[in-house]
Amino acid sequence: MNSVPELVDSKITLHNKVVTLTFNRHDVRNALTGTTIADDIVNTVEWINKTPEIAVLIITGDGSAFSSGGNIKDMAERAGDFAGDVQALERRYREGIQRIPLALHKLEVPVIAAVNGPAIGAGFDIANMCDIRIASTKAKFGETFVNLGIIPGDGGAWFMQRLIGYQKAAELTFTGRVINAQEAKEIGIVLEVVAPDELIERVNQLANEMAVKPVASLRLTKRLMKLAQRTELPDFLDICAVFQGMCHNNPEHLTAVNTMIEKLAK
């Protein structure tokens with residue numbers, strides 16, 4: 001297995017083919033600007049994609065917040081990631097926070113967001129970039145960019161409307177309204193809401209249900225799910241045929257089939 005990457009503002013653990021990436025800047029509520037969390041996400045995704053033994057990624061935050069998004073103190077002072085003219089900011093967005101959606105979009109394994117607390121602005125968008133979201137009752141969600149006179153520069157407007165539909169995404173985006181975990185579940189952002197002390201256990205349970213599956217087919221299925229969003233049916237079926245041929249010729253397939261036959265014979 002490839003060596004685990006060394007991260008700066010996040011922690012990474014690996015257990016039973018499941019990687020957990022924990023944002024570790026609770027002093028700034030796991031802000032994505034003024035920290036190296038964006039680099040940590042990108043480096044983790046690149047490592048996972050090059051490490052075929054890994055089956056699932058979990059993303060969560062340490063402390064009271066999942067992620068507060070951009071550092072508003074830096075915004076107010078036009079400092080750090082928010083300093084400079086239009087061209088400088090455009091380059092900084094492309095070379096900075098926009099690497100997160102591009103990385104997660106290319107991630108080859110299922111990714112689950114364990115939303116432990118507020119996920120605001122770009123923090124909300126990261127949760128929406130994941131395949132599944134499980135939230136603590138302490139979680140809150142807000143596409144709050146318009147409240148600050150800016151737009152979702154990390155691609156949030158692309159992700160949320162694909163998740164819950166244009167109309168509801170428009171309401172949340174245009175009002176900047178913050179919602180609790182229960183409302184997030186009701187409108188389809190969150191799959192489940194659990195007590196804070198049950199969050200990691202529940203997410204690990206779900207991740208392990210995936211991780212015991214044949215990893216090669218799990219990764220190919222993730223790729224198919226993404227391709228289905230942007231491919232016409234005839235082309236998609238052609239890709240499915242090739243991927244299925246790959247699966248039928250993978251030793252994992254015969255092992256899984258023989259295991260199933262043994263179970264049915266009992």
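Entry 1, Asp-131 and Lys-222. I looked up this pair in the predicted model and found that Asp-131 forms a salt bridge with Lys-222, where the closest N and O atoms are 3.0 Å apart. I then checked where the two partners sit, and the bridge links distant parts of the chain, since Asp-131 belongs to the loop between helix 5 (122-129) and strand 6 (132-136), while Lys-222 belongs to helix 10 (residues 215-228), 91 residues apart. Is each partner buried or exposed, or something in between? I noted that Asp-131 counts as partly exposed at 31% relative accessibility, whereas Lys-222, at 6%, counts as buried because the cut-off for buried is under 20%.

Entry 2, Asp-39 and Arg-99. Here I found the two side chains meeting in a salt bridge, with 2.4 Å from N to O. Asp-39 lies in helix 1 (residues 37-49) and Arg-99 in helix 4 (residues 99-106), so this pair ties together parts that are 60 residues apart in sequence. I wrote down a relative accessible area of 32% for Asp-39, which is partly exposed, and 27% relative accessibility for Arg-99, which also counts as partly exposed.

Entry 3, Arg-177 and Glu-183. I looked up a further salt bridge, in which the side chains of Arg-177 and Glu-183 meet at 2.9 Å, N to O. Arg-177 has a relative accessible area of 28% and is partly exposed. I then followed the shared partners and found that salt bridges join Lys-168, Glu-171, Arg-177 and Glu-183 into one network.

Entry 4, the count. How many salt bridges are there by this rule? I recorded that the count comes to 10.

Conventions: Residues are numbered from 1 along each chain as its sequence is written. This is a predicted model: local features need pLDDT of at least 70, side-chain atom pairs count only at pLDDT 80 or more; totals for chains, interfaces and linings use all residues. Side-chain values use heavy atoms; hydrogens and water are left out. A salt bridge is a side-chain nitrogen of Lys or Arg within 4 Å of a carboxyl oxygen of Asp or Glu. Helices (H or I, at least four residues) and strands (E, at least two) are DSSP runs, numbered from the N terminus. Buried means under 20% relative accessible area, exposed over 50%, partly exposed in between (1.4 Å probe, protein chains only).
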